[in-house]
Amino acid sequence: MRYDVVFHVDEDAAHLDAALTNIRNYYAALPQERFTAVLLVNGPAIKLMGADGAHAQALAEAAGLGLTVRVCRNALRHFGLAPEWLCPVCEIVPAGVVELVARQAEGYAYIKP
């Protein structure tokens, strides 16, 4: 079975907290499996991705498990945030919605807490 997964957060801190819990649980439940896990953040949730933000440590810990964190360049622009402001674990993608479509086309499961 394939366990590649994309977690999508585009709302508030409660949704990001839920996603981070889901991600930790996912890794804990599949210790022997090889998979790719991606957290895709776009929309207003981009404002939660700052290097000095409340979620920075949890994002770094999740990245340490193997999670890839991708954020939408369009959302950064829309909310006037500079790329340098982001947590170091974040990778910028041109458009979050395109990233979601691409991952799903590759067979990733889609989770939106």
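**View 1. Arg70 counts as buried in this predicted model.** Its relative accessibility is 18%. Buried means under 20%, so Arg70 falls within the cut-off. Arg70 is found in strand β3, which spans residues 68-72.

**View 2. The side chain of Arg70 makes polar contacts with two glutamates, Glu91 and Glu99.** The contact with the side chain of Glu99 is 2.5 Å. The contact with the side chain of Glu91 is 3.4 Å. Neighbours within four places in sequence are left aside in what follows. Arg70 is then in contact with Val38, Leu39, Leu40 and Val41. Glu91, Val93, Glu99 and Arg103 complete the list.

**View 3. Strand β3 runs parallel to β4.** Four bridges join the two strands. Val71 of this pairing stands opposite Ile92 in β4.

**View 4. Five strands form an open sheet.** The order is β4-β3-β2-β1-β5, and the pairing is parallel. Strands β4 (90-93) and β5 stand at the edges. Each has a single partner strand, so one side of each is left without a neighbour in the sheet. From one strand to the next, the twist averages 30 degrees. Strands of a sheet pair through backbone hydrogen bonds, either parallel or antiparallel.

**View 5. Strand β1 is largely enclosed by the rest of the structure.** The strand covers residues 5-9, and five of the five are buried, so the surroundings largely enclose it. Val5, Phe7 and Val9 point one way from β1. Val6 and His8 point the other way. Residues on both sides are buried.

**View 6. Strand β1 pairs with β2 and with β5.** Five bridges join β1 to β2 (residues 37-41), and the two run parallel. Within β2, Ala37 is the bridge partner of Val5. Three bridges join β1 to β5 (residues 109-111), again in parallel. Val6 stands opposite Tyr110 in β5.

**View 7. Helix α1 links into a β-α-β unit with β1 and β2.** The helix comprises residues 13-29, and the unit is right-handed. Helix α1 lies across β1, β2 and β5. It runs at about 165 degrees to β1.

Methods:
Residues are numbered from 1 along each chain as its sequence is written. This is a predicted model: local features need pLDDT of at least 70, side-chain atom pairs count only at pLDDT 80 or more; totals for chains, interfaces and linings use all residues. Side-chain values use heavy atoms; hydrogens and water are left out. Buried means under 20% relative accessible area, exposed over 50%, partly exposed in between (1.4 Å probe, protein chains only). Two strands pair if DSSP finds at least two bridges between them. A crossover is right-handed if, with the strands pointing away from the viewer, the path from the first strand over the helix to the second runs clockwise. Axes are lines fitted to C-alpha atoms, for helices over the stretch in contact, and angles run from 0 to 180 degrees between N-to-C directions. Contact means heavy atoms within 4.5 Å. A polar contact is a pair of N or O atoms within 3.5 Å; within protein, one must be able to donate a hydrogen and the other to accept it, and residues adjacent in sequence count only if both atoms are side-chain atoms.
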